[in-house]
Amino acid sequence: MYDFFRENFTRIIKTLIFLFLEVLIFFIITQTIGGINLPDFTTALIVISLLSIINAVLWPVLSYISLKFIVFTLGFGTFLLDGIILYVISIIFPAFSIEGISLFSIPLLLGLINSIISLIMDIDEDSTYYRYVLRRQIQPNKNIDKEGFIFLEIDGLAYDVLIEALNNGSMPYLKRFLDDGSHKLTKWQTDLSSQTSSSQAGILHGNNSNIPAFRWVEKENDNKIVSSNTLSDAISIERRISDGDGLLSNVGASRSNLFSGDAEDCLLTYSKLTKLSDFYTKTWYYLYSSPYIITRILVLFMADMFLELLSRVEHTVRDIRPRIKRGFYYFVSRSGANIVMREATTYTLIGDVYAGRFNTMYATYMGYDEIAHHSGIRDKDSFHALRQVDTQIKRVHRAVLDSKRKYNIIVLSDHGQSNGPTFKQKYGVSLNDLVSSYLPDNITIHSILYSNQDHFGENFTIRPIARENREKLQEKISHAREIFGNAKENASNKKIVKEIKEKRDYIKEKDPILDRLQKLSDKYDIGVDLVSEELVKDETPQTIVLASGNLGLIYFTDWPGRLTYEQMEDAFPGLINGLANHEGIGFVMVKSEILGTMVLSDNDVYYLDDDKIVGSNFLEKYGEHVVDHLKRTDNFDHVPDILVNSEYDSSNGEVYAFEELIGSHGGIGGTQQEPFILYPSWWVLDEEIVGAENVHKFFKKELLKCWDDD
């Protein structure tokens, strides 16, 4: 007994001070409100002590029995249950009484007081409640001798920013993993689509093909705009990419992810929320097994909203730039990602660790990504978010050290972010307006260029093409393709394509495209008579302009299939060259019937099919793998008619997002393509990892090697 008090002296003193302050504050406040009667401080002390003892003994069982009720009341049902306990205490102890709405409001008040004092006194709730109460309720899995793996993803954190965070003290616990030699750190390179849906599809399922951006258009599907964070679309995407053998397929758990990795247990995983009942899982028990967790989250939520307010004031007073407007909704979305999702993820992971049931777990922390989008990737607020994530890693790791099963922790990011003013701030025009300036006045444009809310749902609809118009269009397009096909074949036979590419006359002339083709035919005696029939439809076409960070996608949806350079030049002369020559556009990619896929920038051309550059190598600054990325995307089913990437200033690492975001990702250029992996030092990595699918292969190889050894 003496040894127990000696080892836990500080904790005992803290607990006594905590109890005194909790009772004192509660007693003072309840003297001014109705519905509850506490005649003196002693009565308040007895009531709160009884409630604490009952919660410690009975709450884990009570919350388990009533879990569905608590989950579908979003945790607020815990206050009603605690109100019932207080009512029972009032029957046993007549000096105290409670009635009416106080059965809900008093437990809420008590929880808020409890949480605020805990945070101020820095009481480690995990070590007190989980270690001494909840752990006794969880029966460890029988397979505790098998090593497990926990993947903790920090959404949007670039390798370079991580290094800064490690060096400036923002992530001290993560730094310990490197300092003690238990882990190694490497960077990897994303695909062209440097955003969550592409990266998580590759990491978790080993397949991210045909995901050209965060949003894209499927022309053959009635011009449906697919958005990765729309529930129905996330479900559909996972069905396409999953083969049942994902990263988490061997008794795995998915927590707060976009895709499941074929895990058998999912919580807050978008692709698995097919119906309301999917929101419920017994894993919620780990979150709600303490009556005061929901109030802790409420306190942290309000505090984070206050920090956002302070951030806005500071950015305005100090005139920090680049800066964007952050509306009222952002208060909620920021705190939702940075607090609610974070706390839910950590508490459930801790419960998972103590249970020891899962071989693999993968969880995403979204707070940094959300804040960096709006405040900047190196803003004080962003580093503060990383300090909070570091605390979550500490909490999870401490649970691992205290549990009966050995778990290895891997920390990674799915992509980075690149900083810079928005395209509109930098050049005074949005991508939508720039495209519109090169189109006839009667062209209809539908654009989605607003803030890329990676973590919350959205829905879009677009009018489909009428069936009769579709058939008419298909007939015209087929005729056009036949003409272009003949021209290409004959030109190739006469070996003049090389000369056309060298001179660049074909793509730089301002004559109508049919006149250019006729000139080629006459000059080189190709023998193709080009009819004067229009190659495009007469009705007003609909244009969709989408943005994914500094990546733009332009679709002309009244034509089925991917439009060729020649067809677009016939319909909208000057559009492609206008975009390619704009100072804020790094390059555009289009497909020519005659010359193959072309990447254009100013007066320079990269012929992708035969790796030929005419002019300067404008792609060089985007990295050594940029051509491979472009070729891969060029073969996707839903590649846009025109793919646009903003200019990249390699001197300061800036890109210019087409969305109103100052920290952005989705295209190429800068640190958005350079995430990181912090992995166990005994894993073997001999080569650079390029592409999310290769991250999956690396992880799978090491997991299987470990389990095969077992």
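User: How much area does the protein chain expose, and what share of it do carbon and sulfur atoms supply?

Analyst: This is a predicted model, in which local features need pLDDT of at least 70, side-chain atom pairs count only at pLDDT 80 or more, and totals for chains, interfaces and linings use all residues. Residues are numbered from 1 along each chain as its sequence is written, and side-chain values use heavy atoms, with hydrogens and water left out. Accessible areas come from the Shrake-Rupley method with a 1.4 Å probe, and for residues only the protein chains shown count as cover. The protein chain exposes about 28,600 Å², of which carbon and sulfur atoms supply 54%.

User: What percentage of the residues in the protein chain is buried?

Analyst: A residue is buried under 20% relative accessible area, exposed over 50% and partly exposed in between (1.4 Å probe, protein chains only). Of the 710 residues in the protein chain, the buried share is 59%.

User: Where is glutamine 31 found, and is it buried or partly exposed?

Analyst: Glutamine 31 is in the loop between helix H2 (9-30) and strand S1 (36-37); helices (H or I, at least four residues) and strands (E, at least two) are DSSP runs, numbered from the N terminus. Because its relative accessible area is 44%, glutamine 31 is partly exposed.

User: Which backbone oxygen lies 3.1 Å from a polar atom of the side chain of glutamine 31?

Analyst: The side chain of glutamine 31 has a polar atom at 3.1 Å from a backbone oxygen. That oxygen belongs to leucine 38.

User: What span does helix H5 reach from its first C-alpha to its last?

Analyst: Helix H5 (residues 77-92) has 16 residues, and 22 Å is expected at 1.5 Å a residue. The expected span is 1.5 Å times one less than the number of residues. Close to that expectation, H5 reaches 23 Å.

Definitions and conventions
Polar contact = N/O pair within 3.5 Å; in protein donor to acceptor, adjacent residues only side chain to side chain.
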